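Subject: Structure handover

Hello,

I am passing this structure on to you. Please look it over before reading the notes below.

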Amino acid sequence: ALDDGALIDLAGGVRVIFTPGHTPGHICLFHEPSRTLIAGDALTAQDGQLHGPNPGATPDMALAGQSVQKLAALNPQAIICYHGGLVDADASAQLRRVAQELAQ
């Protein structure tokens, strides 16, 4: 079992971040040394541009938006999305933009 906020002793430290919304038990992983967020399905990307989760595959968009707010506080330098791959051009600013869009 994983706990929200737990630090896994792997590759220099990987933080577990609970991010429900896309699914009730969805998690993201944050590699602290490189400030890389492994977002799974909490976020999507296309051509290096970050987007929110897919609304058609996310049963609780309000909760997903809260999870994205939580991720934005991490200030990642790179984000890996299951759908869309790597976002590394101004990743933190892109994540703050997506969080703001989902909050509206």
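Start at Pro24, which is exposed because its relative accessible area is 77%, and the cut-off for exposed is over 50%. Pro24 sits in the loop that links strand E2 (14-18) to strand E3 (27-31). From Pro24 to Gln49 the separation is 25 residues in sequence, and their C-alpha atoms lie 26 Å apart in space. Please keep in mind that this is a predicted model.

Now the chain as a whole. The protein chain contains 2 helices and 8 strands. Read from the N terminus, their order is β-β-β-β-β-β-α-β-β-α.

On overall dimensions, the C-alpha trace spans about 35 × 30 × 20 Å along its principal axes. The radius of gyration of the protein chain is 12 Å, which agrees with a compact globule, because a globule of 104 residues would have a value near 13 Å.

As for packing, 39% of the 104 residues in the protein chain are buried. If one takes the contacts between residues at least 6 apart in sequence, 48% of them join residues at least 24 apart.

The surface comes last. The protein chain exposes about 5,600 Å², and 54% of this area is supplied by carbon and sulfur atoms. Its side chains include 5 positive and 10 negative ones. The centre of the positive set and the centre of the negative set are 7 Å apart.

Regards

Conventions:
Residues numbered from 1 in each chain as written. Predicted model: local features only at pLDDT ≥ 70, side-chain atom pairs only at ≥ 80, totals over all residues. Heavy atoms only, no water. Helix = DSSP H or I, 4+ residues; strand = E, 2+ residues; numbered from the N terminus. Rg over C-alpha atoms; globule rule 2.2 N^0.38 Å. Buried < 20%, exposed > 50% of the residue type's maximum accessible area, 1.4 Å probe, protein only. Contact = heavy atoms within 4.5 Å. Areas by Shrake-Rupley, 256 points an atom, 1.4 Å probe, with all protein chains shown as cover. Lys, Arg positive; Asp, Glu negative; His and termini not counted. Charge placed at Lys NZ, Arg CZ, Asp CG, Glu CD.
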